[in-house]
Amino acid sequence: MSTGALLGIALGAIIVLLLLVIMIQLSAFVSLLLVAAGTALATGISVGDIVPVLQKGMGNTLSSVMIIVGLGAMLGRTIEVGGGADALARKFTKVLGQKRVIAAVTAAAFVLGIPVFFDVGFIILAPIVFGFARVAKINPLKIALPVAGALLTVHVTLPPHPGPVAAAGITHADVGSMLLVGLPLTAVTTVIGFFAAKLLKVEGIELLESPANQPVEAEVAESSGSTGGKVVKESVEAVKERIESIGAGTVVLLILLPILQIMLGTVGNTALKEGSTAQQWLGFLGSSAIALLTGVIVAYLVVGQKLGWSLKKRGSVLDSALPDVAVIVFVTGAGGVFANVLVESGIGKALSDALISLNMPIILAGFLIAAALRASQGSATVAILTTAGLLAEPIVAAGYTDLQNVLVTIAIGFGGLGLSHINDSGFWIVTKYLGLTVKDGLKTWTVLSTVFGVTGFLLTSGVFLLVS
């Protein structure tokens, strides 16, 4: 099938998907599956292969996000029900002042995002964001959107994240230099994106229910007794006592524990001998799933002990997080189904080939190809790795210096940052955790992620011109 036909099908599929979700208001899960199957048929994937392609996309996506989303929700729910989000928010607001809260949380997200994957960091921080917003009496989107932007910026450009590390291996860019050069570039990008987020009109947006936005007054009751396991309301005095009991320091430790564990694994993977017993153990303990599992167990013990919860109550709090994230898991998986169809059909390759044929500067081609692949198939990591592979030979032929090579690789990363929309699992995590509709998610998160990506590329290309 010709490149024009493939690109036309891709554009039509996205338009149909948007119409189904926004105009007809059909379930996003059902809409994604319908459009994925239709796209597979239209692009010539054989009927016998369509279901396996759909299943592969679902399986690949869920295998990477289901454990993280489930454990992250449990950790956040335990902290939230225990009053931890509000305790931390009250402490920060008191120390920093209301005007600096948004900047402080965004800066914390930037640091958090260096060792922690985007989805893990956002799931951990989402309940905290809502707690800060309640205390500061501001729209939670004013905090959450720049926080998500900061997390994703470092995820796609800085080692030790898999996309930039693997891309550096393909383009022969030095990983240490990427970190040294990328840190100031991503920091400035985050600052500019932070101010850009202030320009988004979020005041009129009505947020839906989300697993991260549970009022501190609501607490999961015992499954036995007169409440029958339903949510009950507490008195103001009880809420205040609970917030004081858990304390801001405990909350910080609960959040930092999985982060430090992940960092330990990262250090072990880079500093220890490849394949050694020590490296394997640190890699195991520092994996996102094991780190979050550790955090959940510690929160189960510490929060339960501080608040005097029974063992039955602690278990019910953990279990109460799972129904809230069921929709997120299913929709995220369906997004992976659509993304895999776009890859298997050849639409992504058609986009990249079309851009390469224009013979533009390599750093610009890297950004645009990665952005096109990101828009067409959703995964930032896939977009970055594919682009790096396509440009590996042109980069070698250009005879770049080590610094120029690093800058081109970082530019590819920024190409994978923007245009987060309905075929991106991260889009669904952000929108569902914030309680955004698809339409409002496109108007806010998609726009802001693109602003972050373009800003980062402009800064990187500016430095490239200076050193060339």
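Author: Let's start inside this predicted model. Phenylalanine 118 has a relative accessible area of 6%, so this residue counts as buried.

Reader: Which value makes a residue buried, and how does tryptophan 445 fare?

Author: Buried means under 20% relative accessible area. Tryptophan 445 comes out at 1%, so tryptophan 445 is buried.

Reader: How much of the protein chain is buried?

Author: The protein chain has 468 residues, and 54% of them count as buried.

Reader: Now the rings, please. How is a pair of aromatic rings described?

Author: Two values do the job: the distance of the centres and the angle of the planes. This structure holds seven aromatic pairs. In one of them, phenylalanine 118 and tryptophan 445 have ring centres 6.2 Å apart and planes at 10 degrees; planes under 30 degrees apart count as stacked, so this pair is stacked.

Reader: Where in the chain do phenylalanine 118 and tryptophan 445 lie?

Author: Phenylalanine 118 is in helix 6 (residues 118–136), while tryptophan 445 is in helix 20 (residues 438–467). They are 327 residues apart, and their pair links distant parts of the chain. Ring pairs also join Phe118, Phe122 and Trp445 into a cluster.

Reader: What are the distance and angle for phenylalanine 367 and phenylalanine 457?

Author: Phenylalanine 367 and phenylalanine 457 form a stacked aromatic pair, with 4.3 Å from centre to centre and 15 degrees between the planes. Phenylalanine 367 belongs to helix 16 (residues 362–377) and phenylalanine 457 to helix 20, so the pair ties together parts 90 residues apart in sequence. Both phenylalanine 367 and phenylalanine 457 are buried.

Reader: I'd like to step back. How many helices and strands are there, and what share of contacts joins residues 24 or more positions apart?

Author: The protein chain has 20 helices and two strands. Among its contacts with a separation of 6 or more, 80% are between residues 24 or more positions apart.

Reader: Let's go to the surface. Is methionine 23 buried or exposed?

Author: Methionine 23 has a relative accessible area of 61%; exposed means over 50%, so methionine 23 is exposed. This residue is found in helix 1 (residues 3–23). Methionine 23 also helps make a nonpolar surface patch of about 530 Å², together with Leu11, Ile15, Leu19 and Ile24. For the protein chain, the accessible surface is about 19400 Å², and 68% of this belongs to carbon and sulfur atoms.

Reader: One last feature: which residue lies over the face of tyrosine 300?

Author: That is arginine 314, at 5.7 Å from the ring centre of tyrosine 300.

Definitions and conventions. Residues are numbered from 1 along each chain as its sequence is written. This is a predicted model: local features need pLDDT of at least 70, side-chain atom pairs count only at pLDDT 80 or more; totals for chains, interfaces and linings use all residues. Side-chain values use heavy atoms; hydrogens and water are left out. Helices (H or I, at least four residues) and strands (E, at least two) are DSSP runs, numbered from the N terminus. Buried means under 20% relative accessible area, exposed over 50%, partly exposed in between (1.4 Å probe, protein chains only). Contact means heavy atoms within 4.5 Å. Accessible areas come from the Shrake-Rupley method with a 1.4 Å probe; for residues, only the protein chains shown count as cover. Patches are made of residues with over 30% relative accessible area and no salt bridge: like charges are joined within 9 Å, nonpolar side chains (Val, Leu, Ile, Met, Phe, Trp, Tyr) within 5 Å. A salt bridge is a side-chain nitrogen of Lys or Arg within 4 Å of a carboxyl oxygen of Asp or Glu. Rings of Phe, Tyr and Trp (its six-membered ring) pair if their centres lie within 6.5 Å; planes under 30 degrees apart count as stacked, over 60 as edge-to-face and the rest as tilted. A charge sits over a ring if NZ of Lys or CZ of Arg is within 6 Å of the ring centre and within 35 degrees of the ring normal.
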